[in-house]
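Here are my notes for your next look through the model. I have kept them as numbered points so you can follow along on screen.

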Amino acid sequence: MKHIVSISDLGRDDLKKLVEQSAKAKKMLPIGTNDLSGKVIASVFLEPSTRTRLSFEAAVARSGGQCITVSGGQFSSISKGETLEDTIKVISQYADAVVLRQSENDGAVRAAGVSACPVINAGAGSAEHPTQAVLDLFTIAERFDVFSAGVKIAFVGDLKYGRTVLSLAQVLQTIGGAQVALVAPDELAMPKKYTTGAEQTHHQLTPEVLAWADVVYMTRVQKERFNSSEAYNAVKDSCILTHELAQNMRPDAMILHPLPRVNEVETNIDTMPQAHYFTQAANGVPVRMALINWALS
Ligand code: CP
C-alpha cells in the first residue's frame, strides 16, 4: 500500500512526477476525468478545515469517484471514546483510500499502521501537512524552475507550529538548491530538526528580505497550539506583511500563504500581482487529484 503519511515518503523523483501530474490534472479540470470511477474515498476530518477537505472532495468528484465523509470529531464515534485505530480499521474497510486530518503528531502514522487501504495525511497536529507541501511546490513550480535553478524563499511567522512550513522546508531539502530565510521571533523559531544550518535567520520582516526573496511564504500564528492566551498574544502580531512593506518585493516574486489568514497579510495586498495565495488554494484540487491517483496506483 502507498500511504502518504509523511513528506519524507516522497523522494525527488516522486515530487517531480507529482508536479507534472498536477499540471496535467489542472488542464483536465474543466472536463474532469474518470480516474476514480468506481472508487470510494473516505474524507475523515477530525479537526476544522475548509481548503483541504473541500479540495480533496472536489478532486474526487472531478475524477469520477465518490466520497464518504466525517467532518468534525464530534460527529464520529471518537466522541464516545472510540480510538483512532478502531475508527480507521472500520472506515478503511468502507473505502479505497482514507484522507485523514487529526490533531496528534503521530496520528497519521498510527492510522496507516492499522488501515486496510492507503492513508493520506491531510494534516497531523503541528508536525506534518504533506499534501499542502506538494501543492505549495506545484504553485512555486508554476513560476520558478525550482527543480533546476532552486528558489529563494522566506518563511515568515509561526515556524514552530506551522505544519505547512515544516513540510515545505523538507520538500525543498529533498529537491536541493533552495536558499532559505527564516523570519520569526525566538518563540516561533523553526525547530532545529527541520533546519540545515544554512538558512539566514531574522526576527522581523525587513525590506531587505522582501527584496531578496522569490517567494515570501506567510503563515498564521497557530493560536490553537498555544498553552495560554498570554503566550499567544505576546507573539501574534510579530510578523505582519503590510501593503507598504510589500512594495519592496520584485514584480515577479510570489506571496504564498496556506490560509486561513488572520491579520498577517493585509487584505489590500490581495490585488497586487505578487499575491498568489488564492491561486495556491485553487491548486489544491488538481494537486490532490494527482496525489489520490498516486496513492491508488
Ligand atoms: N491550508 C489548509 O490546511 O487549510 P484548511 O485548514 O482550511 O484545510
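1. Strands β1 (residues 40–45) and β2 (residues 66–71) run parallel and pair over six bridges; pairing here requires that DSSP finds at least two bridges between two strands. Within this pair, F45 sits opposite S71 of β2. Between the two strands the chain passes through helix α2 (residues 51–62), giving a right-handed β-α-β crossover. Right-handed here means that, with the strands pointing away from the viewer, the path from the first strand over the helix to the second runs clockwise. Helices (H or I, at least four residues) and strands (E, at least two) are DSSP runs, numbered from the N terminus.

2. A word on the basis: this is a predicted model, in which local features need pLDDT of at least 70 and side-chain atom pairs count only at pLDDT 80 or more, while totals for chains, interfaces and linings use all residues. Residues are numbered from 1 along each chain as its sequence is written, and side-chain values use heavy atoms, with hydrogens and water left out.

3. Do look at helix α2 again: R53 and E57 form a salt bridge there at 3.3 Å, N to O (a side-chain nitrogen of Lys or Arg within 4 Å of a carboxyl oxygen of Asp or Glu). The two are about one helical turn apart, because four residues separate them in α2. Are R53 and E57 buried or exposed? Both are buried (buried is under 20% relative accessible area, exposed over 50%, partly exposed in between, with a 1.4 Å probe and protein chains only).

4. The structure has twelve salt bridges. Another one joins D270 to R261, with the closest N and O atoms 2.7 Å apart; D270 is partly exposed at 27% relative accessibility, and R261 is partly exposed at 21%. Shared partners also link E85, E104, D106 and R110 into one salt-bridge network. Within that group, the side chains of E104 and R110 meet at 3.2 Å, N to O.

5. Next, the open sheet of five strands: its order is β7-β6-β5-β8-β9, with parallel pairing. Why do β7 (200–202) and β9 (254–256) each have one side without a neighbour? They stand at the edges, so each has a single partner strand. Inside the sheet, β5 (residues 152–156) pairs with β8 (residues 215–218) over four bridges in the parallel sense, and V156 stands opposite M218 of β8.

6. Finally, V90 belongs to helix α3 (residues 84–91) and is partly exposed, at 32% relative accessibility.
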